[in-house]
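I opened this notebook to look up how aromatic rings sit against one another in a structure that is new to me. My entries follow the order in which I looked things up.

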Amino acid sequence: VTEEAQYRASEDGGQTWSELRAIDAGEEKDLAVSHGVFGSHAGKLWAFHGAYYNHMDRIHTRAYSFDEEKGEWAKHGVVLENGFWALNQPVKMENGHWIMPGISAGPYSNTGTFPAAVAISHGDDFTKWDFVSIPVHEGLRMWGESSIIVDGTNVLNIARYAAKPLALIAKSADHGRTWTTMGESNLPMATSKPAAGMLSNGQRYLVCTNAAKNGGRRSPLTIAVSKPGEEVFSQVFVIRHAEHSGPGESNPKASLSYPCATEHDGKLYVGFSNNGGRKGNLNSAEMAVIPIERLK
């Protein structure tokens, strides 16, 4: 219950960062406001944060919008129930609605079934969302932290398994309203939250740890890409190894995880956590800036 939604800001492209600032400290009794995602719409920055009571009870998503003049976040309250925890930023679809991937979660367990899910907006209203759970085979154990790739009416959901280092996938052909049953792909992926999307040049990408037989470690941090206009990932680049001579913490046991990614001005900005080899979810935050040209 001690978790709070916090952020830092940079005014020089990520070279230096502000002091720690609060989005929501969870002022209700027994309320924790945890990690979330950001989305920009109509000149305004929005944040959608997973929240819960006590120890992962009544998980839900809360919405916030940033008032740049006041430098404050406006609270819009609970916008999604059903255990929905937003895990990648909302993406606008050609039908005018936005779609945001996440998980339908409960108290953490790697032996249960916690399906991937998506939220679909009511047009441009970021305070009203429909919850859509993605079907799974009975007995499939998964902790469905998920990401999406939107291509016209088609949406691909890529989700985390429970204990098996393999990406799970499901497809929708109607803007995320109905889905195929979630199943195994042939893509190695560590049991960690993925981040996926479509670049402006038509390349699909997936940020995670796409490595087989590495003992389930969350390193190296990688990005898999397709060729422009193609659906299949055909190359994997390493963004960063656990041991690293540049900025950030270097440790052979470092977990590089929970990535998010957004494209801006010819570059892909990838934010991720680094536990520095520590336990207890004590993470630092890092950012990699990748020129899109380097991913061809």
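The entries below concern the aromatic rings of this model, which is predicted.

Entry one. I began with the total, and the structure holds 14 aromatic pairs. I then looked up Trp-46 and Phe-48, whose ring centres are 6.2 Å apart and whose planes meet at 10°, and because planes under 30 degrees apart count as stacked, I noted this pair as stacked.

Entry two. Are these two residues buried or exposed? I found Trp-46 to be buried at a relative accessible area of 10%, and Phe-48 to be buried as well, with a relative accessibility of 0%.

Entry three. I followed Phe-48 to a further partner, Phe-126, and recorded an edge-to-face pair with 5.7 Å from centre to centre and 65° between the planes. This pair links distant parts of the chain, since Phe-48 belongs to strand β4 (residues 44-53) and Phe-126 to strand β12 (residues 125-133), 78 residues apart. I also looked up the accessibility of Phe-126, which at 2% counts as buried.

Entry four. Which residues form one aromatic cluster? I listed Trp-46, Phe-48, Trp-98, Phe-126 and Trp-129, a list that takes in both of the pairs I had noted above.

Entry five. I turned last to a charge and a ring, and I noted that the charged end of Arg-58 sits over the ring of Tyr-53, at 4.0 Å from the centre of that ring.

Technical notes: Residues numbered from 1 in each chain as written. Predicted model: local features only at pLDDT ≥ 70, side-chain atom pairs only at ≥ 80, totals over all residues. Heavy atoms only, no water. Phe/Tyr/Trp six-rings, centres within 6.5 Å; stacked < 30°, edge-to-face > 60°. Buried < 20%, exposed > 50% of the residue type's maximum accessible area, 1.4 Å probe, protein only. Helix = DSSP H or I, 4+ residues; strand = E, 2+ residues; numbered from the N terminus. Lys NZ or Arg CZ within 6 Å of the ring centre and 35° of its normal.
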